[in-house]
Amino acid sequence: MCLIVFSWQPDAATPLVLLANRDEFFERPAEPMHWWSDRPEVLAGRDLRGGGTWMGIHRDGRFAALTNFRDGRAPMAPKGTPSRGLLVSAMLDATSFDDDLTRIEKHAHEYAGFNLLAGDLPAGKLYWLGNRDTNGSRASASWPVAHPVTPVTPGYHGLSNALLDTPWPKLVSRRHALRDALENTADDLTLLTIMRDANEAADDTLPETGVTREWEKTLSAAFIASPAYGTRCTTLLRYHRDGMVEVTESTVSPAQPSHELRDLRHFRFEIGSAER
């Protein structure tokens, strides 16, 4: 998951409206959003290589989403490093939200660079934590997280492959677009289209994350379309204070035009209900 923009308004009728693009190599096997057969309370996509997921929600209202921290200067993660997607599935399986989030914080140094959003939505809780600092330095056993569990403040936020609300051009533009759309009561398809912006950032606004300038340019678009790597799905999640959750996802094929919304999947359920 490489770009998330969201509105977090805990006292509103709809506390959370979130849009997310998952960017990944097209050859990496994955399943789109679905109710997991082996954990039927979990609604999420699934990484068939690492076993975890990039975003999901539990029927009880636990939510989690993850982005990688991009640092092309960092050494490759050693063999045997656990998949970061397991952090998301661990939070979705949490028996005690607060305790499990603390446990992840303590073990954050064992993973490659990541940012994690985790929420107990019915309790009005949404947090962010990350295991890299602003210059990409890795956490250690003695200092396991560069950014410990931090409550997300009410408002509009964005998370890409740097720290929360780092003002990369695509994050800023899509966050503004989300605000404008919600203020104009946009429908689901309009919201999803926000994330299908394939415009690349101007050269003088590109971040420097240790990758080549050409690759930095490609990755600067909200919707990435390259032959081997790109946006794999766009997801919209709405959580309403009355307990209703609505999720719409559009999956992407290689070289698919950014504006096209194909293979739409819709989910609607009430927190605590057994009905799907």
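The following exchange looks at one pair of helices and at the largest pocket in a predicted model.

Reader: Why are helix 1 and helix 2 called roughly antiparallel?

Author: The axes of helix 1, residues 85–92, and helix 2, residues 97–106, cross at roughly 160 degrees, and angles over 145 count as roughly antiparallel, so the two helices are roughly antiparallel to each other. Their axes come within 9 Å, and helix 1 passes helix 2 in a right-handed crossing.

Reader: What makes the contact between helix 1 and helix 2?

Author: Helix 1 brings Leu87, Ala90 and Met91, while helix 2 brings Phe97, Asp100, Leu101, Arg103 and Ile104. Sorted by class, the contact has six nonpolar residues, no polar ones and two charged ones; Asp and Arg count as charged.

Reader: How do you know which elements supply the lining of the largest pocket?

Author: Lining residues have an atom within 4 Å of a point of the pocket, and strand 2 (16–25), strand 6 (62–68) and helix 5 (213–219) each supply at least two of them, with strand 2 giving the most, four residues.

Reader: What makes up the lining of the largest pocket by class, and which residues lie nearest its centre?

Author: The lining has 19 nonpolar, twelve polar and 14 charged residues, and of its 45 residues Asn68, Phe69, Arg84, Ala112 and Gly113 lie nearest the centre of the pocket, whose volume is about 1400 Å³.

Definitions and conventions: Residues are numbered from 1 along each chain as its sequence is written. This is a predicted model: local features need pLDDT of at least 70, side-chain atom pairs count only at pLDDT 80 or more; totals for chains, interfaces and linings use all residues. Side-chain values use heavy atoms; hydrogens and water are left out. On a 1 Å grid over the protein atoms alone, a cavity is a set of points where a 1.4 Å probe fits but cannot get out, and a pocket is an open set with protein on both sides within 12 Å along at least five of seven lines; lining residues have an atom within 4 Å of a point. Grid points are joined across faces, edges and corners, and a volume is the space filled by probe spheres set on the points. Axes are lines fitted to C-alpha atoms, for helices over the stretch in contact, and angles run from 0 to 180 degrees between N-to-C directions. Angles under 35 degrees count as roughly parallel, over 145 as roughly antiparallel, 65 to 115 as roughly perpendicular and the rest as oblique. A crossing is left-handed if the near helix is turned anticlockwise from the far one by less than a right angle, and right-handed if clockwise. Contact means heavy atoms within 4.5 Å.
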